[in-house]
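This briefing covers surface, fold, core packing and model confidence, in that order.

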Amino acid sequence: MVCALGAAVCFGTATVLQAMAAREASTGGGGDAALLLRALRQWRYLAGLALDGLGFLLQIAALRSIPIYAVGAALAASLAVTAVVASRLLRARLSGLEWGAVAVVCAGLGMLGLASGTEGDRGGSAALKYAMLGTAVAVLLLGAVGGRLTGRGRALLLGLGAGFGFGVVEVAVRLIDSLRPSDLLTNPATYALLLGGGAAFLLLTSALQRGSVTTATAGIVIGETIGPAAVGVIWLGDRTREGLTWLAVLGFSVAVAGALALARFGEAPTTEAAPVSEPTTH
């Protein structure tokens with residue numbers, strides 16, 4: 001659980017930096033790919049990517065030791081980290097309700113930490129690996145459709161797409177059981193991880209800059225928690241400690257609900273001195 005929380009800290013801090021860079025890169029024409037290229041010229045975005053890389057390594061370590069549902073809830077909690085970091089670095093004020101949501105997230109993670117067992121011992125089937133690859137391709141298609149919409153529909157599709165992409169990464173890590181080059185090259189989960197992660201970051205950059213942040217963030221939280229958690233329990237054998245299933249379900253629900261409540265933090269008004277970030281999860 002420590003690695004999962006460390007990943008949440010990295011991702012939450014990276015979001016603040018990336019949101020600032022995405023806003024600075026928003027001037028100019030082109031689509032999502034052009035926006036990403038301009039953002040990559042911003043030092044804040046590069047620093048955010050470095051933190052994302054560290055967070056990803058911690059996420060892999062977490063997925064190798066605790067169930068996917070616990071990792072997913074912890075990563076959704078990066079919203080709480082984003083809110084706290086933004087309140088310090090960007091002078092963004094959190095209301096009492098928002099501080100309460102941060103406390104709710106922490107309480108939910110505490111319950112999950114007490115109830116979660118070890119990761120499941122089932123190996124993923126070939127069908128599941130190809131299903132993850134197909135889902136990664138669908139994320140790209142969802143992004144293409146969402147990019148042509150406007151308003152809340154655009155934000156929701158981009159957010160869900162990014163969330164599904166990060167969810168594919170969570171499951172794919174568990175489906176890679178050998179790091180030998182020959183095994184990696186023949187494992188569909190490897191390509192699902194690369195394609196899903198790349199598509200998720202592309203959609204995330206667009207979601208940070210366009211549309212309703214609340215709607216997009218809610219989509220990301222839902223996409224990267226519920227689906228992967230179900231896959232872990234149903235197909236990979238993730239379980240809780242004996243007799244504590246109820247506590248795990250409660251903790252998961254509380255943590256995700258707190259994260260969704262914090263999604264509205266991204267709609268806070270910006271100021272000249274400190275543009276407010278648009279929180280998302282990884």
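The accessible surface of the protein is about 11,900 Å², with 68% of that area belonging to carbon and sulfur atoms; areas come from the Shrake-Rupley method with a 1.4 Å probe, and for residues only the protein chains shown count as cover. The model is predicted: local features need pLDDT of at least 70 and side-chain atom pairs count only at pLDDT 80 or more, while totals for chains, interfaces and linings use all residues. Residues are numbered from 1 along each chain as its sequence is written, and side-chain values use heavy atoms, with hydrogens and water left out.

**Fold**
- The protein has twelve helices and zero strands (DSSP runs numbered from the N terminus: helices H or I, at least four residues; strands E, at least two).
- Of contacts (heavy atoms within 4.5 Å) between residues at least 6 apart in sequence, 83% join residues at least 24 apart.

**Burial and cores**
- Of the 282 residues, 52% are buried (under 20% relative accessible area, 1.4 Å probe, protein chains only).
- The largest nonpolar core (buried Ala, Val, Leu, Ile, Met, Phe, Trp, Tyr and Cys joined through side-chain atoms within 4.5 Å) has 51 residues.
- Tyr69, Leu109, Leu175, Phe252 and Leu262 have the most contacts inside this core.
- A second, separate core of twelve residues includes Ala155, Phe166, Ala199 and Ala200.

**Confidence**
- Mean pLDDT (the predictor's confidence in each residue, from 0 to 100) is 83, and 84% of the residues score at least 70.
- Among the elements, helix H9 (residues 181-186) has the highest mean, 94, and helix H2 (residues 32-39) the lowest, 66.
- Residues 268-280 have pLDDT below 50, yet this stretch has 43 contacts in the model beyond near neighbours in sequence.
- Where pLDDT is low, predicted coordinates should not be read in detail.

Technical notes:
Buried < 20%, exposed > 50% of the residue type's maximum accessible area, 1.4 Å probe, protein only.
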